[in-house]
Amino acid sequence: MAAATRPAYSLFIGGANVPGTKNETRTVPDPSTREPFATVAVGGADDARHALEVADKAFRESNWASDDGARRTKALFRLAGLVEADLEGFAQLETQNQGKTIRESRFDIGFVVRTLEYHAGLADKIEGETIPVPGGRFDYTSVEPLGVTVHIAPWNYPLLLAVRSIAPALAAGNAVILKPASLTPLSSLRFAQLAKSAGIPDGIFNVVVGSGSAVGEALVDDDRCRTVAFTGSGDVGRRIQEIAARRMIPTTLELGGKGPVVVLADADLDRAAKGIGWGIFGNAGQMCWAGSRLLVDESVRAPLLERLVALAQKLKVGPGSSPDAEMGPLVSPEQQESVLGFVTEAKDAGASIVTGGQRYTDGPLSQGNFLPPTIVDGVNATHRIVREEVFGPVLAVQSFRSVEEGISMANETQYGLLASVWTRDLATAHAVARRLESGMVVINDPPTTFPQTPFAGFRGSGLGSEQGRRALEFYTRRKNVMVNVGRLKGPAK
Ligand code: NAP
Ligand code: MG
């Protein structure tokens with residue numbers, strides 16, 4: 001595409017599109033062709049500080065944080081409606097920028113709409129309480145927004161994961177600054193335009209594009225930032241928590257995973273194979289909650305593997321924009337390299353690549369960041385492919401001889417995000433769920449979530465919880481007010 005016709009995106013600060021202070025821009029490539037299709041402004045630490053100043057002022061002066069929650073309810077419902085009306089435009093942009101299939105992007109944007117609606121419905125239901133106390137006193141609590149909240153998002157579900165934390169922060173009355181991932185900022189910038197049309201006051205929603213080390217750290221390491229919602233890798237999560245600890249501010253960390261999929265001997269193997277396929281090849285495996293470790297009862301290993309291989313080989317890999325594509329490219333050449341590195345290392349260590357495992361060498365797929373669905377057998381807990389997050393369409397297969405052994409293999413990880421169990425025996429399923437060290441467990445289903453259900457990782461997968469009613473509490477603080485009302489003179493009752 002000729003440079004002159006490429007759409008250009010700016011930062012969004014104080015209700016306006018602005019270039020970065022350094023006037024820097026970069027091109028944005030389509031992961032299925034590696035061809036640039038847009039340009040985007042890139043900000044730095046000065047832009048981060050400018051956004052903090054603007055957001056802090058808007059928080060104090062715009063009345064967004066007032067007790068009129070209905071105002072926020074209406075604005076967020078309007079915003080949901082505007083996104084829904086432009087669902088196809090958002091989906092196409094997300095696919096072009098991130099690579100995922102158009103069907104996946106439509107689903108993601110639908111989830112964004114539902115998340116906004118869910119939190120819109122809560123914005124006018126944020127209530128304190130009265131607490132009976134002795135001695136002629138009256139005690140109550142009031143729930144207040146925090147001020148400026150910072151949201152740092154990853155590239156795998158660009159708008160969905162941004163809105164997941166932005167929606168409750170806005171519903172609670174905060175002023176929001178979003179730093180999208182450098183690879184995928186476009187849908188957030190499109191969203192910002194609608195936030196303004198929906199009536200969210202200028203300065204209450206801001207988007208600063210720029211590197212994590214410059215913009216991200218400048219946003220977190222500043223007195224005006226009152227909390228950080230971070231979704232991304234463990235290393236960056238720890239770095240953010242170190243800065244936050246010095247400043248004594250809370251963070252939510254939604255980090256990586258190494259999801260175990262426990263298949264018991266009595267499972268419905270046809271259903272399980274479909275669910276497992278979705279859980280590792282969906283979004284080209286770039287999912288924190290991917291079911292990347294298959295742990296199957298030895299007695300059904302062969303028939304399950306046969307079904308999975310057939311499914312992997314039938315899956316239509318292609319550009320996300322092609323209507324029949326079932327799996328798109330990886331987000332970047334670096335991600336493609338990194339995933340291949342895991343596979344090569346496992347192979348060198350004696351694992352067998354049952355299907356996939358190599359890049360495409362000719363045809364249109366060789367031009368983009370494509371990899372085929374891959375299944376790796378003959379691995380154990382000493383292999384990096386079993387221990388670390390691959391973040392690609394790669395399933396590692398292990399087997400067990402008893403449910404007990406399956407549970408302990410499932411828990412043998414630094415992570416604890418989502419685990420799956422497949423069995424027809426529901427009593428066993430609940431008992432196993434109870435013993436899995438995971439923030440989320442799915443039984444006889446692929447990884448599934450809704451805006452109203454908590455999304456949380458245990459252990460190395462994170463801290464705090466997004467989604468659901470309680471997410472709102474993270475973006476508020478509770479103040480206790482004690483009043484001495486004295487005693488009424490008169491006859492004692
Ligand atoms: P990442 O490298 O940690 O980046 C995430 C975000 O942090 C990006 O916006 C990045 O900016 C920013 N960042 C990088 N260094 C920073 C710093 N020093 N200070 C502040 N911000 C900084 O992760 P990713 O590669 O985008 O995403 C993949 C990871 O996210 C995987 O580990 C995956 O499991 C995890 N993830 C978790 C969940 C969940 O809900 N649990 C969901 C999705 C993804 P740049 O883009 O500019 O580097
Ligand atoms: Mg990164």
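Author: A polar contact is a pair of N or O atoms within 3.5 Å. In this predicted model, one such case joins Gly212 and ligand 1: a polar backbone atom of Gly212 is 3.0 Å from an oxygen atom of ligand 1.

Reader: Which residue places a polar side-chain atom 3.1 Å from an oxygen atom of ligand 1?

Author: That residue is Trp155. The backbone also takes part at Leu255, where an N or O atom lies 2.6 Å from a nitrogen atom of ligand 1.

Reader: How many residues are around ligand 1, and which come nearest?

Author: There are 30 residues around ligand 1, and the nearest are Ala153, Ser182, Ser233, Leu255 and Glu389. Leu255 therefore appears both in this group and in the polar contact described above, given that its backbone atom falls within the 3.5 Å limit.

Reader: Let us turn to the domains. Where do the bounds of domain 1 and domain 2 fall?

Author: The domain assignment places domain 1 at residues 8-255 and domain 2 at residues 260-443. Taken over C-alpha atoms, the centres of the two domains are 31 Å apart. Domain 1 supplies 19 residues to the contact, and domain 2 supplies 28.

Reader: How should the area buried between domain 1 and domain 2 be read?

Author: In general, the size of an interface is often expressed as the accessible area lost when the parts come together. Here, about 1800 Å² is buried between domain 1 and domain 2, with carbon and sulfur atoms giving 52% of it. On the side of domain 1, the residues that lose the most area to domain 2 are Ser32, Arg34 and Trp155, which together make up 29% of what that side buries. Trp155 is also the residue whose side chain approaches an oxygen atom of ligand 1.

Reader: What polar contacts and salt bridges does the rule find across this interface?

Author: Side chains of opposite charge can pair when their charged atoms come close. Across the interface of domain 1 and domain 2, however, zero salt bridges are found, whereas eight residue pairs are in polar contact. On the side of domain 1, helix H3 (87-98) and helix H4 (102-122) each give two or more residues; H4 gives the most, with three residues. That side comprises six nonpolar, eight polar and five charged residues.

Reader: How many salt bridges does the structure hold?

Author: The structure holds 26 salt bridges. In one of them, the side chains of Glu144 and Lys479 meet at 2.6 Å, N to O. Glu144 belongs to strand S7 (residues 137-145) and Lys479 to strand S23 (residues 476-484), so this pair ties together parts 335 residues apart in sequence.

Note on methods:
Residues are numbered from 1 along each chain as its sequence is written. Chains are lettered from A and ligands numbered from 1 in the order in which they are written. This is a predicted model: local features need pLDDT of at least 70, side-chain atom pairs count only at pLDDT 80 or more; totals for chains, interfaces and linings use all residues. Side-chain values use heavy atoms; hydrogens and water are left out. Domain bounds come from an automatic or database domain assignment. Contact means heavy atoms within 4.5 Å. Buried area is the accessible area (1.4 Å probe) that two parts lose on being put together, summed over both. A salt bridge is a side-chain nitrogen of Lys or Arg within 4 Å of a carboxyl oxygen of Asp or Glu. A polar contact is a pair of N or O atoms within 3.5 Å; within protein, one must be able to donate a hydrogen and the other to accept it, and residues adjacent in sequence count only if both atoms are side-chain atoms. Helices (H or I, at least four residues) and strands (E, at least two) are DSSP runs, numbered from the N terminus. Ala, Val, Leu, Ile, Met, Phe, Trp, Tyr, Cys and Pro count as nonpolar, Asp, Glu, Lys and Arg as charged, and the others, Gly among them, as polar. A residue is near a molecule or strand if one of its heavy atoms lies within 4 Å of it.
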